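Visitor: I should like to learn how to read the features of a model such as this one. Where shall we begin?

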Amino acid sequence: DEWFSRGKKLPEDLGADTVDFPKRTTPAKGYELLFQPEVVRIYISLLKESKTPAILEASAGAIQNLCAGSWTYGRCIRSALRQEKGLSAIADLLTHDSERVVKAASGALRNLAVDLRNKELIGKHAIPNLVKNLPGGQQTPAKNLSEDTVVSILNTINEVIVDNLEAAKKLRETQGIEKLVLINKSGNRSEREVRAAALVLQTVWGYKELRKPLEKEGWKKSDFQVNLSNASRTQGGNSFDDSTL
């Protein structure tokens, strides 16, 4: 506990392009072996090489857990995943046939997006696949994902577009607005899904630069106004998912 507390006291520079792991004076041992630099490379290798859904889910889940929170090694691992070209491997899992793999990948990307540089890259490359996993639209065949998975994807989208105008533009360009409004107005989605979608819509409407283009496409302010009196209003910043898989 004492060692862990020391690790949490270091400030986190979310804008840094690279973050170095703390220098060690003794070899890692015990649970410390779970979050050393070489572990990142092992997980990335598994994500790229394995064809087994259970291994892919577990690897993405481990990354999600390691990147949760503001502790020192979480910050380092978020940076290391980017430096080792692991973001694209996780984003690719969003197209996997296994729903469990998709959900684990979504959770990992949400926690990785706490890093501002990661957020930018995820916004550019993962938003289209995140949107494809949402219910509705013209996709064939339509995906039939569980409530938990849909909520996870919506929370990830919100994390990525908060303070990220380019990602919000990408969401609009990939027909994400249509799906979000449909979730809110179709009447056949759960309350959790409606709340999660409403938070994304609120974030989008918060960008004044997008309002005129959205209105030209036929959207109205009322499409982005949803009653969230009882909803959680987490709006990015360290809104990581600290659940474990």
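Guide: Let us begin with burial: a residue counts as buried when its relative accessible area is under 20%. The model before us is predicted. Cysteine 76 has a relative accessible area of 0%, so it is buried. Cysteine 67 is likewise buried, at 0% relative accessibility.

Visitor: How many disulfides does the structure hold?

Guide: A disulfide is a covalent bond between the sulfur atoms of two cysteines. The structure holds zero disulfides.

Visitor: How is the confidence of the prediction to be read, and over which residues does pLDDT stay under 50?

Guide: Where pLDDT is low, the predicted coordinates should not be read in detail. The chain has a mean pLDDT of 84, and 82% of its residues reach 70 or more. Over residues 1-15, however, pLDDT stays under 50, and the model has 22 contacts beyond four places in sequence for them. Residues 229-238 also have pLDDT below 50, with 19 contacts in the model beyond near neighbours in sequence.

Visitor: How should one read the nonpolar core, and which residues have the most contacts inside it?

Guide: In soluble globular proteins, nonpolar side chains tend to be buried together. Here the largest nonpolar core has 66 residues, and the most contacts inside it belong to Ile63, Ile90, Ile157, Ile161, Leu171 and Val204. Leucine 171 serves as an illustration: setting aside residues up to four places away in sequence, its contacts include Ile157, Ile161 and Val204. Others that leucine 171 touches are Ile127, Val131, Gly176, Ile177, Leu180 and Val200.

Visitor: Is glutamate 57 buried or exposed, and what is it in contact with?

Guide: Glutamate 57 lies in helix H3, which spans residues 53-66. Its relative accessible area is 17%, which is under the 20% cut-off, so glutamate 57 counts as buried. Apart from neighbours within four places in sequence, glutamate 57 is in contact with Arg100, Val101 and Ala104.

Visitor: Which feature does UniProt place at residues 85-122?

Guide: An unreviewed UniProt entry places the feature "repeat: ARM" there, at residues 85-122. In the model, this span is 71% helix and 0% strand, and its end C-alpha atoms lie 12 Å apart.

Visitor: How are aromatic pairs to be read, and how many does the structure hold?

Guide: One considers the distance between ring centres and the angle between ring planes; planes over 60 degrees apart count as edge-to-face. The structure holds five aromatic pairs. In one of them, phenylalanine 35 and tryptophan 71 have ring centres 5.1 Å apart and planes at 85 degrees, so this pair is edge-to-face. Phenylalanine 35 lies in the loop between helix H1 (2-8) and helix H2 (37-49), and tryptophan 71 in the loop between H3 and helix H4 (72-83), so the pair ties together parts that are 36 residues apart in sequence. Both phenylalanine 35 and tryptophan 71 are buried. Together with Tyr31 and Tyr73, Phe35 and Trp71 form one aromatic cluster.

Visitor: Which residue other than glycine has a positive phi near 65 degrees, and where is it found?

Guide: That residue is glutamine 175, found in the loop between H10 and helix H11 (176-185). Its relative accessible area is 46%, so glutamine 175 is partly exposed. Aspartate 163, which is not a glycine either, has a positive phi of about 60 degrees. Aspartate 163 lies in the loop between helix H9 (147-161) and helix H10 (165-173). At 72% relative accessibility, aspartate 163 counts as exposed.

Definitions and conventions: Residues are numbered from 1 along each chain as its sequence is written. This is a predicted model: local features need pLDDT of at least 70, side-chain atom pairs count only at pLDDT 80 or more; totals for chains, interfaces and linings use all residues. Side-chain values use heavy atoms; hydrogens and water are left out. Helices (H or I, at least four residues) and strands (E, at least two) are DSSP runs, numbered from the N terminus. Buried means under 20% relative accessible area, exposed over 50%, partly exposed in between (1.4 Å probe, protein chains only). Contact means heavy atoms within 4.5 Å. pLDDT is the predictor's confidence in each residue, from 0 to 100. A nonpolar core is a set of buried Ala, Val, Leu, Ile, Met, Phe, Trp, Tyr and Cys residues joined through side-chain atoms within 4.5 Å. UniProt positions are given in the numbering used here, feature names are shortened, and annotations may be inferred rather than shown by experiment. Rings of Phe, Tyr and Trp (its six-membered ring) pair if their centres lie within 6.5 Å; planes under 30 degrees apart count as stacked, over 60 as edge-to-face and the rest as tilted. A disulfide is a pair of cysteine sulfur atoms within 2.5 Å.
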